[in-house]
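Visitor: I'd like a close look at one part of this structure, the aromatic pairs and the helices that carry them. Could you walk me through it slowly?

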Amino acid sequence: MKRIPVFLAMQVNGYVMKVLLTLYFPRLILLLAISILLSACATVSKSPSPTSQIIKKSVSISEKDSLDYVQAVADLEKGNAKVAAISLGKIAEKNPGYLDVWVNLAIANYTVKNIADAQRAIEYADKLQPASADINNIKGLICVESGQYKNAEKNYLNALKLDAKNPNIHYNMALLYDLYYQNIAKAIPYYESYLLLAGQKDEETEAWVQELKQTLKRE
C-alpha cells in the first residue's frame with residue numbers, strides 16, 4: 001500500500017474534503033516519486049480519514065447554482081473530479097465570494113493533476129479566508145505535487161500555527177520530511193504527533209514509525 005498525503009478523505013461540510021480516499025486513488029496523490037522512494041520499503045502506513053472545518057458559505061447563491069454545487073460535490077466524492085472541476089469552475093465564476101466552491105475547485109483540479117488551476121483556486125480561497133489551517137494544508141499538498149518542497153514546508157508550518165492539534169497536517173509534514181527530504185529524524189516526531197492526535201488506532205503507521213526508528217539507530 002502506498003503512503004500518501006492525507007487530506008482528501010475529508011467530510012463534506014458545504015464543501016468536499018473527501019476527494020481521494022477511494023476515489024482520489026487509493027488515498028490521495030499516487031505520486032511516482034513516492035513509488036520510487038518506497039520501492040525499497042517493505043512497510044508503508046495507512047492514511048487516516050480526517051475531517052476538516054473551514055467556514056460555512058459566506059455569500060448566498062441562487063437556487064440553481066446551489067443545486068449545481070451539490071451535484072458537483074457529489075461528482076467529486078464519486079471520483080468524477082474532471083466533471084466536478086468544470087461545474088465548480090462555472091459556479092465560482094458566477095459566485096466569486098463563495099469560499100467553499102473555490103476550495104473544492106482546488107481539490108478537483110488537484111485530483112486531476114491540473115496543478116496550475118488548483119493553485120489559482122486555492123490562492124483565491126486564501127484571499128477570502130486568509131487564516132485557515134485547512135487552506136494552508138491544501139496549499140502545502142499542491143506545492144508538494146509541483147515539487148516546491150520548501151513552500152510546502154512553509155505552508156504546513158503556517159497551518160500548524162493555526163491549528164496545532166490537526167493530525168492531518170502533522171501527517172503531511174511527516175510525509176514531506178520522510179519521502180521527499182528523506183530526513184527521518186525530523187519525520188518521526190510528526191508521525192508521533194499524528195498518532196497521538198488522530199483519535200483512532202493506526203497500526204500500520206505505528207509499525208512504520210518503529211521501522212524508521214530502527215533505521216535511524218543503524219545509521
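Visitor: To set the scene, how many helices and how many strands does the secondary structure of the protein chain come to? And then, which residues form the edge-to-face aromatic pair, and what surrounds them?

Guide: Before anything else, keep in mind that this is a predicted model. The count for the protein chain is 10 helices and 0 strands, so reading along the sequence you just get α-α-α-α-α-α-α-α-α-α. Of its 219 residues, 49% count as buried.

Now to the rings. The structure holds 8 aromatic pairs. The edge-to-face one you asked about joins Y171 and Y194, with 4.9 Å centre to centre and 65° between the planes. Y171 belongs to helix α8 (residues 167-180) and Y194 to helix α9 (residues 184-197), so this pair ties together parts that are 23 residues apart in sequence. Neither ring residue is left out in the open: Y171 is buried, at a relative accessible area of 0%, and Y194 is buried too, with 0% relative accessibility.

Compare that with Y177 and Y181, an aromatic pair that is tilted, at 5.8 Å centre to centre and 35° between the planes. Here the two partners fall into separate classes. Y177 is buried, with 5% relative accessibility, while Y181 is partly exposed because its relative accessible area is 30%, and buried would mean under 20%. Both tyrosines also belong to a wider group, since ring pairs link Y149, Y177, Y180, Y181 and Y190 into a cluster.

Stay in this neighbourhood for a moment and look at L176, which lies in helix α8. L176 is buried, with a relative accessible area of 1%. Two C-alpha distances help place it. K186 is 10 residues away along the chain, and its C-alpha atom is 9.6 Å from that of L176. K150 is 26 residues from L176 in sequence, yet the C-alpha to C-alpha distance is 9.7 Å. K150 sits in helix α7 (residues 149-162) and is exposed, at 61% relative accessible area.

Between α8 and α9 there's a loop, and Q182 is found in it. Q182 isn't a glycine, but its phi is positive, about 55°. With a relative accessibility of 55%, Q182 counts as exposed.

If you like that backbone detail, there's another case further back in the chain. K113 has a phi near 70°, again positive in a residue other than glycine. K113 is in the loop between α4 and α5 (115-128), and it follows α4. At 38% relative accessibility K113 is partly exposed. Its side chain brings us back to aromatic rings: the charged end of K113 sits over the ring of Y110, 5.9 Å from the centre of that ring.

Helix α4 itself (residues 99-111) is mostly covered, with 13 of its 13 residues buried. Its geometry checks out as well: at 1.5 Å a residue, 13 residues should span 18 Å, and the end C-alpha atoms are 19 Å apart, which agrees.

Helix α3 (residues 81-94) makes a nice contrast with that. Its 14 residues should span 20 Å at 1.5 Å a residue, and the end C-alpha atoms are indeed 20 Å apart. In α3 the buried residues are A81, A84, A85, L88, I91 and A92. Seen down the axis of α3, these fall within an arc of 135°, so they line one face of the helix. The spacing makes sense once you recall that an α-helix has 3.6 residues a turn, so residues three or four places apart point the same way. On the other side of α3, the exposed residues include K82, K90, E93 and K94.

One of those buried α3 residues leads into the bigger picture. L88 is among the residues with the most contacts inside the largest nonpolar core, along with V101, Y156 and Y191. That core has 54 residues, and it draws at least three residues from each of domain 1 (59-130) and domain 2 (133-218).

So if you want a route for your own viewing, begin at Y171 and Y194, move on to the cluster that includes Y177 and Y181, and finish at L88 in the largest nonpolar core.

Note on methods: Residues are numbered from 1 along each chain as its sequence is written. This is a predicted model: local features need pLDDT of at least 70, side-chain atom pairs count only at pLDDT 80 or more; totals for chains, interfaces and linings use all residues. Side-chain values use heavy atoms; hydrogens and water are left out. A nonpolar core is a set of buried Ala, Val, Leu, Ile, Met, Phe, Trp, Tyr and Cys residues joined through side-chain atoms within 4.5 Å. Buried means under 20% relative accessible area, exposed over 50%, partly exposed in between (1.4 Å probe, protein chains only). Domain bounds come from an automatic or database domain assignment. Rings of Phe, Tyr and Trp (its six-membered ring) pair if their centres lie within 6.5 Å; planes under 30 degrees apart count as stacked, over 60 as edge-to-face and the rest as tilted. Helices (H or I, at least four residues) and strands (E, at least two) are DSSP runs, numbered from the N terminus. A charge sits over a ring if NZ of Lys or CZ of Arg is within 6 Å of the ring centre and within 35 degrees of the ring normal. The expected span of a helix is 1.5 Å times one less than its number of residues. The arc is that of the directions from the helix axis to the C-beta atoms.
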